[in-house]
Amino acid sequence: MIDFEIPEKIAGTRLVVETVAVNMMRPVSRYFDEHEHEIPWDYINFMHTATRAMGGTSMAASEGKKEGPHFGFQRLAVMVEVLSWGDAGIYLDTPGGMLGSAAVSAAGTPEQKERFLKRFRGEKPVFDAMCMTEPQCGSDTSAIRATAVLDKEKKEWVLNGEKIFVTSGHKAMLDSEGFIVVWATIDPKAGRAGMRSFVVEAKTPGCQVTKMEHKLGIRASDTVSIVLQDCRVPYENILGSPEVVTADKATTGFKGAMATFDATRPIVAAQAIGLARATLELLKEMLTERGVPIRYGLPRQKLTSIEKDVIEMEIQLRSAWWLVLKAVWMMDNGKPNSLESSMAKVRAGDVVNRITQKAVEIMGPLGYNREYLLEKWFRDAKISDIYEGTGQINRLVVARQILGYRSSELR
Amino acid sequence: MYSFEPSDEQKMLIDAISRYATNDLRKAAHDAEENKELPPKLISKGWELGVLQASIPEAYGGFGERSAVTGALAAEELAFGDLAGALAVGLPGLFALPILVSGSEEQKQQYLPQVIAADWKAYTAALIEASFDFDPNELKTTAKAEGSDYILTGEKTFVPFADKAEAMIVYASLEKGTKAFIVPKGTAGLKVGAEREKLMGLNAIPFFKVTLEGVKIPKANLLPGDFAPVLDSSRVAVAAMAIGVAKAAFEYSRDYAKDRDVFGVKVAQKQAIAFMLAEMATEIEAIRLLVWEAAWAIDNKKEDASQKAYLAVTGAVDMAMMVTDRAVQILGGHGYIREHPVELWMRNGRGFATFTGLAMV
């Protein structure tokens with residue numbers, strides 16, 4: 001039965017998170033944008049305490065094998081949307097399991113999950129990060145050069161390579177007892193089939209944070225480079241099978257990463273939606289204050305250019321949000337959602353950029369002035385169309401799905 | 001609780017409609033457009049699916065309950081077959097549904113059974129007026145109270161099947177707002193144009209200008225309810241049909257692109273085309289959810305249902321134009337030839353900006 005009512009359980013959570021966004025994020029938004037690489041500890045500690053009080057290890061509530069309908073990903077999407085509405089950069093500093101944990105959850109054994117994820121339940125806030133991108137490859141993750149070689153005597157994996165654009169890498173490795181998940185090949189000749197992920201814990205010798213990037217936006221979030229030089233991790237830190245299976249192009253390692261994307265892309269899309277909503281709300285508020293309320297229900301011929309723009313933004317925003325919710329709803333209900341999650345990401349990435357760009361344009365000198373947050377949000381927005389698969393990569397994923405093509409048929 | 005899946009009952013209805021849309025409507029669409037006529041048997045067969053009948057409660061001769069969501073699902077599926085066919089099959093709804101939504105108890109009892117009990121008969125509605133900035137909430141056609149009657153004066157355009165209609169709903173300004181009036185055929189002063197209107201698309205449907213020269217009808221013929229829910233319903237219906245047409249255009253151009261060779265590969269293997277198709281599919285799905293949301297808001301009597309219906313139809317208008325235009329583009333020169341249906345869908349696509357009032361759910 002088609003239903004657009006927010007589940008009661010999620011509505012309650014949403015209200016709580018909204019209070020955090022209003023009181024702990026917005027007031028410091030500008031400060032952390034202008035003080036890049038400073039860490040919003042007040043927000044982090046609060047979120048950590050609150051999450052612990054609720055008995056969770058991260059925002060993504062694990063519901064286990066509980067009977068009845070599952071809401072985990074729907075709740076997460078709603079929370080992320082609201083936090084990102086508060087501040088898209090600070091949101092990325094939310095402690096607890098994020099992308100790294102998502103990979104552990106998706107591909108790890110029960111023992112690995114316990115060993116790596118229990119740290120999030122401790123006294124202090126802990127972070128994780130995902131290391132995929134390398135200097136010579138971004139979206140083309142099958143071209144990863146980082147290697148993992150098994151030292152059979154010591155039963156250790158030896159990792160070598162350089163990773164860049166690691167979100168929260170500094171916090172995961174230097175500001176907390178966290179971990180990173182590193183993508184590397186165990187057989188360079190095997191292509192995607194040789195791709196595996198490895199957990200590297202903070203303070204592991206041979207793993208070094210080498211650079212902190214200066215970015216266009218989301219400046220409250222650290223983005224680092226990490227160099228692995230004969231970095232040894234225990235044999236048990238590999239996620240998934242150590243065997244390379246190439247029969248029937250079964251690329252299990254790579255598929256593990258792609259399956260993680262089915263879960264994470266709608267969440268990144270939710271983040272885009274939160275930012276877009278913040279922008280549209282502020283734009284409407286500023287216009288109304290200046291005597292330009294938006295009139296709905298009129299034929300286009302009677303609308304002003306600004307009204308047309310705002311109404312179009314609203315259509316884009318709402319329709320993209322429902323795509324996101326549908327993708328996570330499918331996730332919660334065990335329905336395959338590769339198509340929907342990429343659609344959501346494509347659309348949300350487009351929408352947040354169109355909305356923030358148009359808002360700055362419409363408000364003219366006020367839009368461009370750092371006195372207001374519109375210009376910051378314009379800068380924050382761009383990343384949504386880039387990370388977790390650029391808009392183009394996601395178009396490719398959507399295109400392959402609707403055409404029934406393999407990657408070799410549509411490059 | 002969020003759900004994006006139709007009920008089992010809705011799925012069964014959609015299945016039945018889908019067979020009719022694919023096997024009957026789609027196959028007849030080209031000739032109907034060229035010959036400027038839909039075969040009456042085709043319309044009867046669609047009527048027998050009982051979409052409208054299922055929206056009318058038993059008390060008035062039907063066998064169900066109106067649901068805008070179900071209506072939107074049905075409208076999309078019918079329009080996927082053929083828009084002209086979908087509008088023709090749903091034509092009696094233009095008369096019955098406003099009465100169901102905004103009519104008095106007496107009006108429901110008097111009119112609804114006769115519309116749905118019989119075979120398909122032309123019952124229609126006259127909303128659109130010929131001005132570039134036509135606004136359903138500010139009609140130039142007026143209604144003035146005179147004793148126990150209303151006098152309707154004005155000119156309407158795009159009135160489907162007006163020549164054969166047993167009765168029609170005429171929308172007119174009464175004091176400040178739009179109101180609906182029941183006007184039976186043959187009422188003095190009601191003049192249906194001598195010739196059919198010639199439009200860019202929908203040639204399979206006979207459209208007429210209707211002139212109201214002091215049409216006198218009893219006060220009992222005024223629908224007492226508000227116009228807003230009627231307009232919302234029409235906006236959702238038109239938006240849902242836009243999705244159906246867009247889906248048809250998307251699928252046809254996708255299949256063509258997978259079949260057609262170019263530079264040693266299939267057209268669809270070129271990113272320039274594949275990305276167009278990816279965006280079309282994304283746009284269709286996004287706007288479909290917006291339309292479902294609006295329909296759901298209507299069914300659940302949400303306060304902002306009107307705004308949602310407005311946003312849905314506005315989004316659907318742009319989506320349909322974008323998708324149908326691209327479908328023609330993907331077929332290239334072949335898309336411009338009337339042997340392929342995409343040019344018809346492109347003409348339909350542009351029409352959605354103007355079609356509010358021609359469908360109801």
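**Contacts and pairings in a predicted model**

Author: In this predicted model, 15 residues of domain 1 of chain B are in contact with 13 residues of domain 2 of chain B. The domain 1 side of that contact includes at least two residues from each of α1 (8-35), α4 (83-89) and α5 (93-102) of chain B. By class, this side divides into 10 nonpolar, 2 polar and 3 charged residues.

Reader: What makes residues of domain 1 and domain 2 of chain B count as in contact, and how far apart are the domain centres?

Author: The test is applied to residues: C-beta atoms, placed from the backbone, must lie within 7 Å. The 22 Å between the two centres is taken over C-alpha atoms.

Reader: Why are strand β3 and strand β7 of chain A called paired?

Author: Pairing requires at least two bridges. Strand β3 (residues 156-167) and strand β7 (residues 223-234) of chain A have 9 bridges, in the antiparallel sense, and therefore they count as paired. One of the bridge partners in β7(A) is A:V224, which stands opposite A:V166.

Reader: How do you know that strand β6 of chain A also pairs with β7(A)?

Author: Strand β6 (residues 207-212) of chain A and β7(A) share 5 bridges, again antiparallel; with at least two required, they therefore pair. Here A:M212 stands opposite A:V224.

Reader: What makes up the contact between chain A and chain B?

Author: Chain B gives 37 residues and chain A gives 35. On the chain B side, α8(B) supplies the largest share, 14 residues. That side has 21 nonpolar, 9 polar and 7 charged residues.

Terms used. Residues numbered from 1 in each chain as written. Chains lettered and ligands numbered in written order. Predicted model: local features only at pLDDT ≥ 70, side-chain atom pairs only at ≥ 80, totals over all residues. Helix = DSSP H or I, 4+ residues; strand = E, 2+ residues; numbered from the N terminus. Contact = placed C-beta atoms within 7 Å. Nonpolar A, V, L, I, M, F, W, Y, C, P; charged D, E, K, R; others polar. Domains from an automatic or database assignment.
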